[in-house]
Amino acid sequence: MPLQDTNWDTLKADIKAAPSETFVVFTGSKDEDGKSWCPSCNEAAPDIERVFKGDEHHALVVPFTLDDFDNNLWPRKEWAIRGVPMIYRLKDGELSGAFLIHNDLPFGEMLDAYVSGEDAYEKWTEEKRGDNYIPPETRWSWLREDFDVGEKRAQEDIARGQERAKWKKEYLAKRKAAQNGKEESEKKARTEAEAPATDATVCTGVSCAA
């Protein structure tokens, strides 16, 4: 079955309607020329199309616009997406495979091992990358924890920003009030200084004369 395009609005329904084992490919959206804003997505595209173009594997493709990736946190948090392209294996709608991110490793070879099953991917990971294998549930948990920490920091940054904005607003209001008071005082002083002088009254002894 070829790659099936979907989006955030229909993804859950498409997963329910998909075969028991399916893959979800998160990637950068493409322009009119078929190129993505994401360089790694462009590099990985030929291997993704090669692996999923036949009937052996089914994949849902979810495009990220650059604005989505920078500003739309909830889908990234829900799927623990920290970069694209990113691929998950699902069985009966539940995560069953390790996430896969394109990087400097031989992506095509890694993807072939990944879609062959968790055992094949574990073997490839240990032999080709020299890494200790980490179960997908553990990696998923780590990603979610990273997002929780990141979200907490973001909320703290927002709170600090709001506090600074409040302080600045109050400070500017006080400064403006002080400036207005100073200007009023100076205006009053100028008015009094510019007022015409009144006739002087001279008093001598017991009588006063103008």
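Glu118 and Arg89 form a salt bridge in which the closest N and O atoms are 3.1 Å apart. The pair joins distant parts of the chain, with Glu118 in helix α6 (residues 118–129) and Arg89 in strand β4, 29 residues apart. The structure is a predicted model. This briefing covers the salt bridges, then strand β4, then helix α2.

**Salt bridges around Arg89**

- Four salt bridges turn up when the whole structure is searched.
- Arg89 also forms a salt bridge with Glu21, and here the closest N and O atoms are 3.9 Å apart.
- This second pair likewise links distant parts of the chain: Glu21 belongs to strand β2 and Arg89 to strand β4, 68 residues apart.
- Together, Glu21, Arg89 and Glu118 make up a network of salt bridges.
- Arg89 has a relative accessibility of 2%, and buried means under 20%, so Arg89 counts as buried.
- Glu118 is buried as well, because its relative accessible area is 18%, and the limit for buried is under 20%.
- Glu21 has 31% relative accessibility and therefore counts as partly exposed.

**Strand β4 and its partners**

- Strand β4 covers residues 86–91, and five of its six residues are buried, so the strand is largely enclosed by the rest of the structure.
- β4 pairs with β2 in the antiparallel sense, over six bridges.
- Within that pairing, Tyr88 in β4 is the bridge partner of Val24.
- β4 also pairs with strand β6 (residues 100–101), in the antiparallel sense and over two bridges.
- Here Ile87 lies opposite Leu100 in β6.
- A further antiparallel pairing, over two bridges, joins β4 to strand β5 (residues 94–95).
- In this case Lys91 lies opposite Glu94 in β5.
- β4 and β5 form a hairpin with two residues between the strands, where Asp92 takes a positive phi near 55°.
- In a regular strand, side chains alternate between the two faces of the sheet.

**Helix α2: length and bend**

- Helix α2 runs over residues 39–52, which makes 14 residues.
- At 1.5 Å a residue, α2 should span 20 Å, and its end C-alpha atoms are 20 Å apart, so the expected and modelled values agree.
- At Ala45 the helix α2 bends by about 40°.
- A proline, Pro46, follows Ala45 within four residues.

**Helix α2: packing**

- The buried residues of α2 are Cys41, Ala44, Ala45, Ile48, Val51 and Phe52.
- These buried residues pack against β2 (21–28), β3 (59–64) and α5 (107–115).
- Ala45 thus appears twice in this account of α2: as the site of the bend and among the buried residues.
- An α-helix has 3.6 residues a turn, so residues three or four places apart point the same way.

**Helix α2: a salt bridge within the helix**

- The side chains of Asp47 and Arg50 form a salt bridge, at 3.3 Å from N to O.
- Asp47 and Arg50 are three residues apart in α2, which means that about one helical turn separates them.
- Asp47 counts as partly exposed because its relative accessibility is 21%.
- Arg50 is partly exposed too, with a relative accessible area of 38%.

Note on methods. Residues numbered from 1 in each chain as written. Predicted model: local features only at pLDDT ≥ 70, side-chain atom pairs only at ≥ 80, totals over all residues. Heavy atoms only, no water. Expected span 1.5 Å × (residues − 1). Bend = angle between axes of the 7 residues up to and from the residue. Buried < 20%, exposed > 50% of the residue type's maximum accessible area, 1.4 Å probe, protein only. Contact = heavy atoms within 4.5 Å. Pairing = 2+ DSSP bridges.
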